[in-house]
Amino acid sequence: MALSYLRSSSSRSVNLLKPLSSSLPLRRPISTDTTPITVETSVPFTSHQCDAPSRSVETNPKELLTFFRDMALMRRMEIAADSLYKAKLIRGFCHLYDGQEAVAVGMEAAVTKKDCIITAYRDHCTFIGRGGTLLEVFAELMGRQAGCSKGKGGSMHFYKKDSNFYGGHGIVGAQVPLGCGLAFAQKYSKDETVTFALYGDGAANQGQLFEALNISALWDLPAILVCENNHYGMGTAEWRAAKSPAYYKRGDYVPGLKVDGMDALAVKQACKFAKEHALKNGPIILEMDTYRYHGHSMSDPGSTYRTRDEISGVRQERDPIERIRKLILSHDLATEKELKDIEKEVRKEVDDTITQAKESPMPEPSELFTNVYAKGLGVESFGADRKEVRATLP
Amino acid sequence: MALRNIIGKRIGNGIGLVGRRSLSTATCDVENRNSKSMNLYSAINQALHLALETDPRAFVFGEDVSFGGVFRCTTGLADRFGKARVFNTPLCEQGIVGFGIGLAAMGNRAIAEIQFADYIYPAFDQIVNEAAKFRYRSGNQFNCGGLTIRAPYGAVGHGGHYHSQSPEAFFCHVPGIKVVIPRSPRQAKGLLLSCIRDPNPVVFFEPKWLYRLAVEEVPEHDYMLPLSEAEVIRQGSDITLVGWGAQLTIMEQACIEAEKDGISCELIDLKTLMPWDKETVEASVRKTGRVLISHEAPVTGGFGAEISASIVERCFLRLEAPVARVCGLDTPFPLVFEPFYMPSKNKVLDAIKATVDY
């Protein structure tokens with residue numbers, strides 16, 4: 001046993017120091033162990049107009065393994081969605097999040113389900129983080145009734161009311177003023193909750209963002225604006241779209257923090273810090289330095305504006321799942337085989353869910369007219385040229 | 001009941017079922033010397049090349065245009081004319097149009113691209129309040145006539161809420177700008193060059209479904225087609241059909257089917273929606289006595305309503321049947337329900353028959 005550890009992570013001096021203790025099987029069960037471990041983030045935080053939080057993050061084996069499992073699930077889900085899209089079972093537009101999982105997972109670890117999260121169209125993993133099920137994801141992607149938006153929204157419009165996930169928006173940047181509005185309501189309700197409004201580096205140049213920021217700062221709203229900077233706004237690199245790609249500084253009078261978005265623990269620390277800050281002092285901007293492996297959407301190969309070497313380089317150096325895997329192995333919280341088993345289990349779960357989702361039916365045709373207005377004001381259209389409409393009044 | 005039958009057929013055929021749209025064989029007043037077979041995006045690309053070549057003060061800008069754009073309409077422009085004239089903008093539609101208005105106000109030809117017509121709304125204020133009123137409120141001292149805004153519009157089979165909208169009606173309601181929609185590659189090249197060179201701000205909607213699907217012989221030389229002139233692309237005597245853009249191919253299929261039942265249909269391509277050619281449509285209605293308008297945008301408040309009201313005003317006593325409108329439904333553009341929402345050939349055919357049998 002000790003030898004297998006030495007072989008798998010021989011470059012780590014930590015393992016060489018304690019080969020014998022790591023071979024004892026008595027430290028299980030891993031999934032409920034909450035003894036605190038302190039880990040340093042990969043890089044220190046850079047701050048603007050505020051004091052950066054400490055680099056040392058408190059975590060525990062249970063959390064790290066949950067991170068690993070959740071991120072592996074998200075990764076597998078996105079890759080499965082890729083295949084489903086190519087098989088034409090998913091139509092429309094599909095924007096994949098693989099590479100950025102650490103942001104979704106780290107954020108969830110720092111907040112409660114009472115805090116609101118609102119994001120743009122790259123929302124599959126954020127939805128899972130908020131407690132959405134795989135079945136709801138795949139059914140919605142395929143436009144079936146079992147989907148979270150009853151099959152009427154599709155990839156870009158995932159919502160989950162009971163865990164305050166406000167979606168799921170197609171128009172770039174439009175979700176940020178909305179998020180600040182949520183924060184406004186939260187300030188009134190005085191329930192110590194905050195709103196995380198996520199947007200990308202492309203959206204960071206939208207005027208409405210600055211309008212929302214000004215209002216939030218003026219009224220001290222508990223709004224946290226999170227820029228998921230994956231360095232490419234569709235096909236345009238950040239340096240070609242922004243005079244100042246230091247998005248955490250763009251708030252000027254609003255404090256900001258730059259975070260390594262591929263390090264789930266750094267994300268967790270930053271979100272925790274941001275939540276405390278927002279409740280006391282008003283808005284703050286978090287810039288998550290992250291990367292997406294896929295192109296902007298399924299119709300974008302992702303290699304016309306960046307080199308394959310760059311993509312594989314990031315995958316090797318900064319992959320969020322690999323980071324957690326190395327952390328788990330170096331702290332001897334699980335064996336490589338156990339982690340591989342988790343990945344296999346996740347893969348099977350995804351495959352089974354896809355089979356289940358395929359059986360869900362398409363929405364009824366009458367659903368075309370439902371929910372245009374509030375309930376009860378349904379409209380049915382009939383007649384030779386579909387012009388005659390009959391509206392049922394409440 | 002009828003609805004269910006048609007819906008049943010649609011489910012059987014699957015979503016995104018309108019395959020190859022065949023092009024109208026209308027005559028076009030352009031000499032056919034040296035023409036080449038090309039699709040819509042290539043025709044538009046040629047038009048842009050010519051525009052930049054003939055006018056050294058023409059600029060093309062928008063999101064992702066320099067590598068060729070998401071629909072390849074701007075391929076080769078940056079390489080040929082340089083980054084000073086063909087450049088990417090950040091993701092801000094309001095900024096793009098406002099910037100274009102300023103550029104045009106200094107006498108340049110600003111050709112701004114909005115990546116999808118669904119995203120034009122942040123720029124709506126700039127178009128309506130600034131571009132449309134500039135000449136008027138400055139007493140003709142200033143104008144932004146050099147501004148042309150290009151945007152792909154319309155359904156594409158799987159676009160969903162935000163990649164399929166047809167917002168032409170909003171812009172037709174604004175005096176001061178022109179709205180032009182081509183139906184085919186040859187039309188697109190000529191109309192786009194006219195729009196760019198027109199001394200008024202123009203919004204040019206391109207039917208994205210036809211970017212690759214429509215293939216036609218397009219003359220390679222520089223030619224312009226007149227604005228505000230509708231074209232009768234099919235002669236008939238029983239009913240007048242009015243449409244624009246991609247919807248014309250659907251309407252033409254319905255006309256061919258109606259022909260088998262002995263109904264002779266006259267099909268008019270409006271081409272310019274604002275200001276639209278009332279005389280041509282009126283002349284046709286005076287001939288047939290019946291009119292049907294079809295567009296993808298929702299029926300309530302769509303441009304068909306304006307055409308209907310104007311025709312009734314002018315031809316009331318001549319009309320044999322109420323003006324028929326076969327349009328999109330009054331819902332947000334749906335995702336999975338697209339086949340039910342669209343004004344399909346059968347809906348148009350039903351309406352033709354109902355109007356003729358009135």
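In which loop of chain B is B:P275 found? Here B:P275 sits in the loop between β12 (272-274) and α11 (278-288) of chain B, and the views below take you there and to several other places in this predicted model. Local features are shown at pLDDT of at least 70, side-chain atom pairs count only at pLDDT 80 or more, and totals for chains, interfaces and linings use all residues. Residues are numbered from 1 along each chain as its sequence is written, chains are lettered from A and ligands numbered from 1 in the order in which they are written, and side-chain values use heavy atoms, with hydrogens and water left out.

**View 1. A cis peptide bond leads into B:P275.** The bond from B:M274 to B:P275 is cis, with omega near -5°. For orientation, look for β12 (272-274) on one side of the loop and α11 (278-288) of chain B on the other; helices (H or I, at least four residues) and strands (E, at least two) are DSSP runs, numbered from the N terminus.

**View 2. Chain A has a cis bond between two glycines.** From A:G167 to A:G168 the peptide bond is cis, and omega is near 25°. You will find A:G168 in the loop between α7 (134-141) and α8 (175-189) of chain A.

**View 3. A:D332 has a positive phi.** The phi angle is about 55°, although A:D332 is not a glycine. This residue belongs to the loop between α13 (320-330) and α14 of chain A.

**View 4. A salt bridge joins A:E349 and A:R69.** Side chains of opposite charge can pair when their charged atoms come close. In this pair the closest N and O atoms are 3.0 Å apart; a salt bridge here is a side-chain nitrogen of Lys or Arg within 4 Å of a carboxyl oxygen of Asp or Glu. The two partners link distant parts of the chain, 280 residues apart: A:E349 lies in helix α14 (residues 336-359) and A:R69 in helix α4 (residues 61-86) of chain A. Over all chains, the structure holds 39 salt bridges.

**View 5. Chain B meets chain A.** Contact (heavy atoms within 4.5 Å) involves 41 residues of chain B and 36 residues of chain A. Together the chains bury about 3,200 Å², 67% of it on carbon and sulfur atoms; buried area is the accessible area (1.4 Å probe) that two parts lose on being put together, summed over both. The rule finds 0 salt bridges across this interface. On the chain B side, α1 (2-13), β14 (324-328), α13 (338-341) and α14 (345-356) each supply at least two residues. The largest share, 5 residues, comes from α1(B).

**View 6. UniProt annotates a span in each chain.** In chain A, an unreviewed entry lists residues 69-365 as "domain: Dehydrogenase E1 component". That span is 46% helix and 10% strand, and its end C-alpha atoms lie 38 Å apart. In chain B, an unreviewed entry gives "domain: Transketolase-like pyrimidine-binding" for residues 38-213, a span with 38% helix and 18% strand whose end C-alpha atoms are 10 Å apart.

**View 7. Confidence is below 50 in a stretch of each chain.** The pLDDT, the predictor's confidence in each residue from 0 to 100, averages 87 in chain A and 90 in chain B. Over residues 1-29 of chain A the pLDDT is below 50, and in chain B this is so for residues 1-28. The model scores ipTM 0.72 and pTM 0.81.

Note on methods. UniProt positions renumbered as here; feature names shortened; annotations may be inferred.
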